[in-house]
Each structure stands twice: as C-alpha cells, then as structure tokens.
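Thanks for coming. I will take you through one structure, sheet by sheet and then on to a helix. Please have it open in front of you.

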Amino acid sequence: MKIGVHPNNLHLRLARLWPGAFADLQPIFVSYAEGRDTAALLESGDIDLGGTGSTPPIEADTRGLGVEYIAASAPRPANGAIFVRRDSSIGSVAELKGRRISLIDGSFHTYLLARSLEGEGLSLPDVERVESGARDALADLLEGRVDAWVAMSPRLEKALERDDVRLIVRCGAAIPNRSLFWTLERNGLSAEETRAIVSELSRIGSEIAADPRAAARLLASGDRGGSGDRGGTDIDAWEKVVRSRDFTVFPIDDEIIAEQQEEADTLLRHGHFAKPIVLKRPETTR
C-alpha cells in the first residue's frame, strides 16, 4: 500500500518512522510537499491513502473524484489560529474586513477563516486572501505585506511565545479541525484493508500518546524521506506540539460526515465553491 506523507500530517509523518507501522499492508511511504496535493496523487495512483485537514477531501469531491473517507482524528482545537502584529490596530476578527490575510488557501485555513468571519457577519469576499505557499508567512506579517496570518503547528506554538505578534482567534473556537484519512473510490480498497488502516492508525496514535518524547525525537530528527520540518523545530518544541493534540483515531461515522457536510455548505455560502455537494454517508460509501 502506497501511503502518502506530507509535513503537516503528523500522524502519518510519525507512522513513516514508527517501528512496524502498517507492516501487514506492506507499506511504501511516499513523501510529497503539502496536503493540497493529496487528491491529485490519489487520482494518478501515486498513493493509495492520504491524510489531510478537513478541506482537501471536500475540494476533491467538488471535482467529482469520489472521495472515500476511512478514518478521522479527534478534534484538534489547538492546531490553528489567526495572528496579527502586536502593534496592529486590528483588535478582533470583525476588524479583518478589507485586510490582507496570509493562509494556505484550500486547506483547513480557509474554513477556519470563513467560520471566524461568519461569526462577525462577514464572509470570505470581505477580506483579501493571500496564498502563503512556500513563503515565510510570519515575515510577511511582521514586515507589513499582510495584515493577519493563519498559522498551524509547529509554527503556531513558536508564534505564541513571541512578543511581536498577537492572537485574535484560536481554532477550537470556530471549527473541529480533525485530520481526515481518505482515498478515492476508484482505488478500490477492500473492507479488510480499510479496517487494517483504522486499526494501525489507532495503534500508532496510542503509542504516540504513551511516549510523546519518543515521537518528538523522531520529528526533530527529520523525516528521512524529505518531509521534515523546514523550520528546524527542536525536541522540546515538538514535544509541546505532540502533547497538545489528541492522537485518537476513529472509523468514519455519520457525525464526522455531518461535520464535513457543514464545512462544504459553509464554503459554498462564502463563494469558495461554485456548486453544492452532498457527501455520502459511511454505509453508502462502498
């Protein structure tokens, strides 16, 4: 089984380095740059399984790719936030109207921003979204090229320790922010393979939680396949990241699909999607 690994999915990033991970599935771990590439790699057959935030699989379904959800993490309320400069006149989300916001558009950043704005009677067209991509988004914020920055771990934890930026909203106040593990129906994973994936993700998650220092050590050492942290995060910082999140994994159920449907409907309201989509319930996915 070809399992995709990108830097921002820590569960699969650690699985790549974890002893015996997915052994029964004869894993081939395939490194790639970022979660938004997952759908294209699944479509081409370069990977059989990927893990991302909540938004990329919905983006894939809007393209008619036929997403099959396999598992989901527990909510991760600490893994995303919006920052402004310490000396900014922006005091709240309501004051983001007309401002330039740095984010990875089409990731969970977009949904976090949409839900945060919606709470203040605003929508995505009320701000200017600036794609951060491979740019140094923190430098863009500090040097005034953008007015706010949507951040995620591990840079988020570092930002919280700085005195030149200020937090205005945390992820848990707006969205569940789960990791989703998914494939495409066309890849034809069997029920046995799906159960094995859920079981292994759960096992690895439990072992990570039992020894966060070991997990931090692996992350700090860098992923030998090239998906290491370009920010050079040290062991102590990685341990804070690992301890801040729940690595529990669940099989897909109606509650999680309902959350995904709510996100799809929200992004449609905000004009991010051009047409509605109805997600399949787990019992009709196969």
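Two strands count as paired if DSSP finds at least two bridges between them. Keep that in mind, because strands of a sheet pair through backbone hydrogen bonds, either parallel or antiparallel. One more thing before the details: this is a predicted model.

Start at A81. Its bridge partner in β8 is A151. A81 belongs to strand β5, residues 80–85, and β8 covers residues 148–152. The two strands run antiparallel and are joined by 4 bridges, which satisfies the cut-off of at least two.

Now widen the view. β5 and β8 sit in an open sheet of 5 strands, in the order β7-β6-β8-β5-β9, with mixed pairing. Which strands stand at the edges of this sheet? They are β7, residues 128–131, and β9, residues 165–170. Each has a single partner strand, so one side of each has no neighbour in the sheet. From one strand to the next, the twist averages 30°.

A helix lies across this sheet. Helix α4, residues 108–118, lies across β5, β6, β7, β8 and β9. Its direction is at about 70° to β5.

On to the other sheet. Here 4 strands form an open sheet in the order β3-β10-β4-β11, and the pairing is antiparallel. The edge strands are β3, at 50–52, and β11, at 249–251; with a single partner strand each, they are therefore left with one side that has no neighbour in the sheet. The twist averages 35° from one strand to the next.

Within this sheet, look at β4, residues 67–73. It is joined to β11 by 3 bridges, and the two run antiparallel. For a residue to find on screen, take A71: its bridge partner in β11 is P251.

This sheet has a helix across it as well. Helix α3, residues 55–62, lies across β3, β4 and β10, and runs at about 170° to β4.

Last, helix α8, residues 212–221. Which of its residues are buried? P212, A215, A216 and L219 are. Seen down the axis of α8, these buried residues fall within an arc of 100°, so they line one face of the helix. The general background is that an α-helix has 3.6 residues a turn, so residues three or four places apart point the same way.

What do the buried residues of α8 pack against? They pack against α1 (10–17), α7 (191–210) and α9 (235–243). Just after α8 comes G222, with a positive phi of about 90°.

That is where I stop.

Key: Residues numbered from 1 in each chain as written. Predicted model: local features only at pLDDT ≥ 70, side-chain atom pairs only at ≥ 80, totals over all residues. Heavy atoms only, no water. Axes fitted to C-alpha atoms, helices over the stretch in contact; angles between N-to-C directions. Contact = heavy atoms within 4.5 Å. Buried < 20%, exposed > 50% of the residue type's maximum accessible area, 1.4 Å probe, protein only. Arc of directions from axis to C-beta.
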